[in-house]
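Hi,

Here is the structure I promised to pass on. Have a look at it first, and then read my notes below.

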Amino acid sequence: IVRNMDGTSIGMLSREKENIEQKCNITLEVDSRSIRIWAKDDNRDTAIAARDHIDEMLADVTTVETILVRVPGQKVAEILNSTSMRQLQDSSGMTANVAKDDQGTAIRLTGLNGVINEAKELIERMSGGGGAEFLPLQPGLLLRMTPQMEADFWRDLQHMSHATGAQVELSKGSNRANFVGNPQCTAHAKSELQKILNFYFPDSCIIVSV
């Protein structure tokens, strides 16, 4: 058992769960803050080797770094005050501040490598005039669906995406849903996805207005 893991690590392990299990010959259980490893051959060395493999995978996303993301000066306040950026900072501990130098205006990001990359993508979308909404999900939530439930869920998601005009980036192992499109469409899609999740997972999801 590995406890007290950060959300970025849990999210990555949720996405890579099947690949890790197959490569390391283990069963991997991913919770909201911890993971459990069982060797399929009941060999302790197999479990230890799997833990080492996971540590190597996490090394890249858990390294703390600082980067500058160039943005138009008139977009800085809008980006820093956006719901998406505030959520990302609150959930990860990342900091985002204005930086100015001879090359112009930028946003200075400091935090875990994996989170920094997510924030950079959000900023670049917003700088280009696109929507940059995302919705955090409980790790492993979508893995709990039965085959029939899963078929219905993805059909509803496709219909919702068509109705709102926003593209929804979501996979079974995701710990978040990303929305691509103009700001109005992405905000609408985020609201509709909350309703869908509340319908399929009433004990795990509630609708929150932000």
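How many aromatic pairs does the structure hold? It holds three, where rings of Phe, Tyr and Trp (its six-membered ring) pair if their centres lie within 6.5 Å, with planes under 30 degrees apart counted as stacked, over 60 as edge-to-face and the rest as tilted. One of them is F153 with W154, an edge-to-face pair at 5.2 Å centre to centre and 80° between the planes. Another is F199 with Y200: the ring centres are 5.1 Å apart and the planes sit at 90°, so this pair is edge-to-face too. Ring pairs also link F153, W154, F199 and Y200 into a cluster.

Before I go on, some housekeeping. This is a predicted model, so local features need pLDDT of at least 70 and side-chain atom pairs count only at pLDDT 80 or more, while totals for chains, interfaces and linings use all residues. Residues are numbered from 1 along each chain as its sequence is written, and side-chain values use heavy atoms, with hydrogens and water left out.

On confidence (pLDDT is the predictor's confidence in each residue, from 0 to 100), the protein averages 84, and 95% of the residues score at least 70. Among the elements, α6 has the highest mean pLDDT at 92, and β6 the lowest at 79. Helices (H or I, at least four residues) and strands (E, at least two) are DSSP runs, numbered from the N terminus.

Back to that aromatic cluster: which of its residues are buried and which are exposed? For the wording, buried means under 20% relative accessible area, exposed over 50%, and partly exposed in between (1.4 Å probe, protein chains only). F153 is buried, with a relative accessible area of 0%, whereas W154 is partly exposed at 25%. In the other pair, F199 is exposed at 62% and Y200 is buried at 13%.

F153 turns up again in the largest nonpolar core. A nonpolar core here is a set of buried Ala, Val, Leu, Ile, Met, Phe, Trp, Tyr and Cys residues joined through side-chain atoms within 4.5 Å. This one has 21 residues, and F153, L170, L193, L197 and F201 touch the most other members. At least two residues each come from α6 (147-164), β8 (176-180) and α7 (183-200), and α7 gives the most, with six residues. There is also a second, separate core of 20 residues, with I67, I79, M94 and L122 among them. As a general point, nonpolar side chains in soluble globular proteins tend to be buried together.

Now the sheets. Two strands pair if DSSP finds at least two bridges between them. In one open sheet, three strands run in the order β6-β8-β7 with antiparallel pairing. β6 (134-136) and β7 (167-169) are at the edges with a single partner strand each, so one side of each has no neighbour in the sheet. The twist there averages 15° from one strand to the next (axes are lines fitted to C-alpha atoms, for helices over the stretch in contact, and angles run from 0 to 180 degrees between N-to-C directions). Three bridges join β7 to β8, and Q167 has V180 in β8 as its bridge partner.

Another open sheet has three strands in the order β3-β5-β4, again with antiparallel pairing. Here β3 (64-70) and β4 (95-101) are the edge strands, each with a single partner, so one side of each is left without a neighbour in the sheet. The average twist from one strand to the next is 25°. β3 pairs with β5 (residues 104-112) over seven bridges, and E65 stands opposite G111 in β5.

How many disulfides does a search of the whole structure find? Zero, taking a disulfide as a pair of cysteine sulfur atoms within 2.5 Å. For the record, C24 is buried at 12% relative accessible area, and C185 is buried at 17%.

Two more residues to click on. L142 is in the loop between β6 and α6 and is buried, at 1% relative accessibility; its C-alpha atom is 9.7 Å from that of Y200, 58 residues apart along the chain. M160 is in helix α6 and is buried at 5%. The C-alpha atoms of M160 and R144 are separated by 21 Å, with their positions 16 residues apart along the chain.

Cheers
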